[in-house]
Amino acid sequence: MKLLRKILFPIVPVYFIVTWFRNKLYDWGIKSSTSFDFPVICVGNLSVGGTGKTPMIEYLIRLLKDENSLSTLSRGYKRKTKGFQLADENATAQTIGDEPYQLYHKFRSEIQVAVDGNRVNGIHQLRNLEDIPNLILLDDAFQHRKVKAGLYILLTTFDNPYFKDIVLPTGDLREPRGGAQRADIIVVTKCPPKLSEVEKSQFVKRIKPKEGQSVFFSSIGYADEVLSERSKKKLTELDSFTLVTGIANAMPLVDHLKRKGLSFEHLNFKDHHGFTEKDIALLEKKSMILTTEKDFMRLRQYPSLLDKMYYLPISVSIERDTDFNARIRSFVSAN
């Protein structure tokens, strides 16, 4: 893959120009964006996957759900359905996508979860429901310029920040770095513990935030317990298990488990992997499986795995969370 990316380097300028010009058409008003008279918050990134969008959406849900009628809207990546879908008791990872299903599985009694590749249509469909949301969180819609959100939160990882990257196909950026100027808030995710003030200051200088643009640093926290469909146990009680991952970057999780001194083998699949019959037959031979919550949502449809499969919940911790929360709440109340 790395060799192929190098071979495709001549395409990089073409991709850069096409995506830059597309954004300029929106900036100049030649292509139109739809705005709304109620709060719409967009969470996204410049890179392809792995920046922690779903944990950030969960953080915002917990922050805002008690004071608002809240809906999430995403495209439902790799789902097997088309058009607008509102999650209900019949929803699966196949009908709405693994990440929306994860949100529905966790917050089903408190929020609405919907998917639609056309975010404008999705918002209109949600607003036509009997239970009308007064706040919508757009998941992974930073490049969806047909919607003009009221607040943009851009995520970039500490280890692979957008300012060190280039556009596809050789790099991982979906659009040129200048797209970060559209963000109101930039959150640096997956930061190492005990990040010094000097390191943070140097990072912010590389970002070069514009006036009014806030930068926050966040980290991923791992739970002490693992959960299954029917039970839970201490992470340290797991003995010689198989770690199954189908996410963009599994190394932080692998490193965490190694620091815990746990013994495991790692089956590493690509992001949003569609598990095949051959994959399931292999997993059925394993005595104990630990996976991510996102992968658990895809694998829980197989009864043969449920009694031996656990997932490790994660959460986001934001430095200066009081300031972050206040800015989010201030936007919602003002709109």
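Is S240 buried, exposed or partly exposed? Hold that thought for a second while I tell you what we're looking at. This is a predicted model, so please keep that in mind throughout. And the reply for S240: its relative accessibility is 45%, and that counts as partly exposed, because the partly exposed class lies between 20% and 50%. S240 sits in the loop between β12 (232-234) and β13 (241-245). Its backbone is a bit of a curiosity too, with a positive phi of about 50 degrees even though S240 is not a glycine.

S240 has company there. K78 isn't a glycine either, and its phi is positive, at about 65 degrees. You'll find K78 in the loop between β3 (70-74) and β4 (85-86). With a relative accessible area of 43%, K78 is partly exposed.

One more backbone item while we're in the loops. L168 and P169 are joined by a cis peptide bond, with omega at about 5 degrees. P169 belongs to the loop between β8 (151-157) and β9 (185-189).

Okay, let's zoom out. The protein has 12 helices and 17 strands. Its radius of gyration is 20 Å, close to the 20 Å the globule rule gives for 335 residues, so the protein is as compact as a globular protein of that length. Along the principal axes, the C-alpha trace spans about 60 × 50 × 40 Å. Take the contacts between residues at least 6 apart in sequence: 73% of them join residues at least 24 apart.

What about the surface? The protein exposes about 16,700 Å², and carbon and sulfur atoms supply 51% of that. On charge, we have 50 positives and 40 negatives, and their mean positions are 6 Å apart.

Now the inside. Buried residues account for 50% of the 335. In soluble globular proteins, nonpolar side chains tend to be buried together. Here, the largest nonpolar core has 49 residues, and the ones with the most contacts inside it are I41, M56, L60, I153, F324 and I328. Helix α3, residues 53-64, gives this core its largest share, 7 residues. Then there's a second, separate core of 34 residues, which includes L46, L126, L173 and V188.

If you want one residue to click on, try L60. Leaving out anything up to four places away in sequence, L60 touches I41, V43, L137, I153, F324 and I328.

Which helix holds E58? That's helix α3. E58 has a relative accessible area of 2%, so it's buried, given that buried means under 20%. And what does E58 touch, beyond residues up to four places away in sequence? Q102, L103, K106 and F107.

Last stop, T292. It lies in the loop between β15 (289-291) and α10 (293-299). Despite being in a loop, T292 counts as buried, at 10% relative accessibility. Skipping residues up to four places away in sequence, T292 touches V244, T245, I247, L253 and Y311. And if you're wondering how T292 relates to L8, those two are 284 residues apart in sequence and 32 Å apart in space, C-alpha to C-alpha.

That's my tour. Have a look at the loops with K78 and S240, then follow helix α3 into the largest core. Happy to go back over any of it.

Key
Residues are numbered from 1 along each chain as its sequence is written. This is a predicted model: local features need pLDDT of at least 70, side-chain atom pairs count only at pLDDT 80 or more; totals for chains, interfaces and linings use all residues. Side-chain values use heavy atoms; hydrogens and water are left out. Helices (H or I, at least four residues) and strands (E, at least two) are DSSP runs, numbered from the N terminus. The radius of gyration is taken over C-alpha atoms; the globule rule is 2.2 Å times the number of residues to the power 0.38. Buried means under 20% relative accessible area, exposed over 50%, partly exposed in between (1.4 Å probe, protein chains only). Contact means heavy atoms within 4.5 Å. Accessible areas come from the Shrake-Rupley method with a 1.4 Å probe; for residues, only the protein chains shown count as cover. Lys and Arg count as positive and Asp and Glu as negative; His and the chain ends are not counted. The place of a charge is taken as NZ of Lys, CZ of Arg, CG of Asp or CD of Glu. A nonpolar core is a set of buried Ala, Val, Leu, Ile, Met, Phe, Trp, Tyr and Cys residues joined through side-chain atoms within 4.5 Å.
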